[in-house]
Each structure stands twice: as structure tokens, then as C-alpha cells.
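Here is the note you asked for, set out as numbered points that can be read beside the model. The points begin with the core and then move outward to single helices, ring pairs and the annotated repeat.

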Amino acid sequence: MTSGGRLNIDLKRGAIPLSLFILAVLHYGLGAPLWVLGLFSLWVPIVYILMPWYARRRWEDFDRTFTQHFQRGKHRELLQAYRKEWYLRRFGPQADMLSKLGLIYSALGKYREAEHALEQALDAMGSPGPQQLYFNLANVKFELGKFDDAMQIYLSLRGNSPYHRAARTQMALIDLQKGARVEQARSFLESERPRVSAPMRERIDRALARH
């Protein structure tokens, strides 16, 4: 599980002290029997043990299903599966769920929705996210024509990032699109062309043909 293994259990701060106060009122103020106090106290193991355990199990199943379906191109089925996972969306690893939603939308060509989901994923993390998430967001912004925003994110990736070379390819495409450092961009894309995937090779060919 990612996001530091934290689950999005949304409890108000001070829930346990408040519960202790209620227990004291029930016992000393109202004279409630011990079995009533015991029943009231059951929420603690349910919320802090059972719910995280259940969410973790569901997350593992969904993560496995996501990997299998995404690799097979079953993106619409994945979107339907995501929408049915109300429990994970509410109590699971929110950043990871939103990140996967962004990937689904991106694969479906719904880039505005993908951008929104990925930015929400970064906000949910509360700290610098993984390089893959930034790279995916930059790619979506590239598809939306937000080249300056995409370039800024690509440049922020670490030099030892596994996405660094792919980011350089994207930046070269942006340079060609904007007419900046054209000769350097063309040279780099021509050298990268044999290494990239078929779809990216086609994109490079179109870019080189236009510029």
C-alpha cells in the first residue's frame, strides 16, 4: 500500500477524549450498566482495527484488478469498477485512488478530468508525491496544450528519476511546438526515436515533419 500506508479514516480530532467523557457521563451520571458501556466502546476497535483491515484488503484486490485491466486496455470497465468502490473512495488511500482515476481518464482521452483527479491526488498526499504522479500530471497538461505548466513539472523531476529521459523527450516536443531550441530538440528526438514505443515514435515523426 502506498501513501505511507495511511488510510483516509476521517475522524474528528478529539473523538476518543469525547467518547471517554460520554462514558463517564453514562456511568457516573446516568448509572448505565457495564454492558451498555461495553457496547458503546465497540466503536474503537471497529474504527481503528476492523475498518483499516477491511480497507487494506479491498485496496489490494482493487490494485490487482486495476493492473490487470489497465494492461489489457479495459479502461471503461476500470472506470465502472472505480465508481462502484465507494468504500475505498471514502475510507481507502485517497491519494492512490485519485491517482488511478487520473490514469483511467487519461487513457480514455478525458484529459481535463484526468488533470483534476491527479491534482486532487497531490493535494491529498500533503507532502511531495512520487515522481510517477508528477510525470503523469505533466503528460496530461501536455495533452491539454498547457506546455508551460507541463515543462515546469518535467524540469522539477529528479535527474535520477526513471521518468527523466521520457520527460526530456516530452520537453523536446514542447520546444518544437513553441519554436524554441529547434535544432537541439530535433537532434535529441532523432536520437531517441529508435528507443521509444510505437505511439511515441509516430508522435515524434509528426513533430519532425511539421518542424
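**Notes on the predicted model**

1. The largest nonpolar core has 44 residues, and the residues with the most contacts inside it are Tyr-82, Phe-142, Tyr-154, Ile-174 and Leu-189. Please keep in mind throughout that this is a predicted model.

2. As to the overall fold, the chain holds 12 helices and 0 strands, so that a reader following the elements from the N terminus on meets α-α-α-α-α-α-α-α-α-α-α-α. Of the 211 residues of the chain, 36% count as buried. Among contacts with a separation of 6 or more, 52% are made by residues 24 or more positions apart.

3. Tyr-154, which is found in helix H9, deserves a careful look. At 1% relative accessibility Tyr-154 counts as buried, because the cut-off for that class is under 20%. Leaving out residues up to four places away in sequence, Tyr-154 touches Phe-135, Ala-138, Asn-139, Phe-142, Ala-167, Gln-170, Met-171 and Ile-174. One of these, Gln-170, is 16 residues apart from Tyr-154 along the chain, and the C-alpha atoms of the two are separated by 8.2 Å.

4. Which polar residue is joined to Tyr-154 through its side chain? The partner is Asn-139, and the polar contact between the two side chains is 2.5 Å. Asn-139 is found in helix H8 and is itself buried, with a relative accessible area of 19%. When residues up to four places away in sequence are not counted, Asn-139 touches Tyr-154 and Gln-170.

5. Helix H9 as a whole can be read by its two sides. Phe-147, Ala-150, Met-151, Ile-153 and Tyr-154 are buried in H9, and, seen down the axis, the buried residues of H9 fall within an arc of 165 degrees, so they line one face of the helix. On the other side of H9, Asp-148, Gln-152 and Leu-155 are exposed. The buried residues of H9 pack against H8 and H10.

6. Ile-174, named above among the core residues with the most contacts, can be followed in the same way. Leaving aside its neighbours within four places in sequence, Ile-174 is in contact with Phe-142, Phe-147, Ala-150, Met-151 and Tyr-154.

7. The aromatic rings form a further theme, with a count of 9 aromatic pairs. In one of them, the rings of Phe-135 and Tyr-163 have their centres 5.1 Å apart and their planes at 25 degrees, so the pair is stacked. Phe-135 lies in helix H8 (residues 131-143), whereas Tyr-163 lies in the loop between helix H9 (147-156) and helix H10 (164-178), so the pair ties together parts that are 28 residues apart in sequence. Phe-135 is buried, with a relative accessible area of 10%, while Tyr-163 is partly exposed, with a relative accessible area of 23%.

8. Phe-142 and Phe-147 form an aromatic pair of the edge-to-face kind, with 5.5 Å centre to centre and 65 degrees between the planes. Phe-142 is buried, with a relative accessible area of 11%, and Phe-147, at 19% relative accessibility, counts as buried too. Elsewhere, ring pairs link Tyr-54, Trp-86, Tyr-87 and Phe-91 into a cluster.

9. Where do the buried residues of H11 sit around its axis? In H11, Ala-185, Phe-188, Leu-189 and Glu-192 are buried. These residues cover an arc of only 95 degrees around the axis, which puts them on the same side of H11. What covers the buried residues of H11 includes H10 and helix H12 (198-210).

10. Arg-181 should be checked by eye, as a point of backbone geometry: its phi is near 50 degrees, a positive value in a residue other than glycine. Arg-181 lies in the loop between H10 and helix H11 (182-192).

11. Finally, the annotation should be read with its origin in mind: an unreviewed UniProt entry gives "repeat: TPR" for residues 95-128. In the model, the chain over residues 95-128 is 82% helix and 0% strand, and the end C-alpha atoms of this stretch are 12 Å apart.

Technical notes:
Residues are numbered from 1 along each chain as its sequence is written. This is a predicted model: local features need pLDDT of at least 70, side-chain atom pairs count only at pLDDT 80 or more; totals for chains, interfaces and linings use all residues. Side-chain values use heavy atoms; hydrogens and water are left out. Rings of Phe, Tyr and Trp (its six-membered ring) pair if their centres lie within 6.5 Å; planes under 30 degrees apart count as stacked, over 60 as edge-to-face and the rest as tilted. Helices (H or I, at least four residues) and strands (E, at least two) are DSSP runs, numbered from the N terminus. Buried means under 20% relative accessible area, exposed over 50%, partly exposed in between (1.4 Å probe, protein chains only). A nonpolar core is a set of buried Ala, Val, Leu, Ile, Met, Phe, Trp, Tyr and Cys residues joined through side-chain atoms within 4.5 Å. Contact means heavy atoms within 4.5 Å. The arc is that of the directions from the helix axis to the C-beta atoms. A polar contact is a pair of N or O atoms within 3.5 Å; within protein, one must be able to donate a hydrogen and the other to accept it, and residues adjacent in sequence count only if both atoms are side-chain atoms. UniProt positions are given in the numbering used here, feature names are shortened, and annotations may be inferred rather than shown by experiment.
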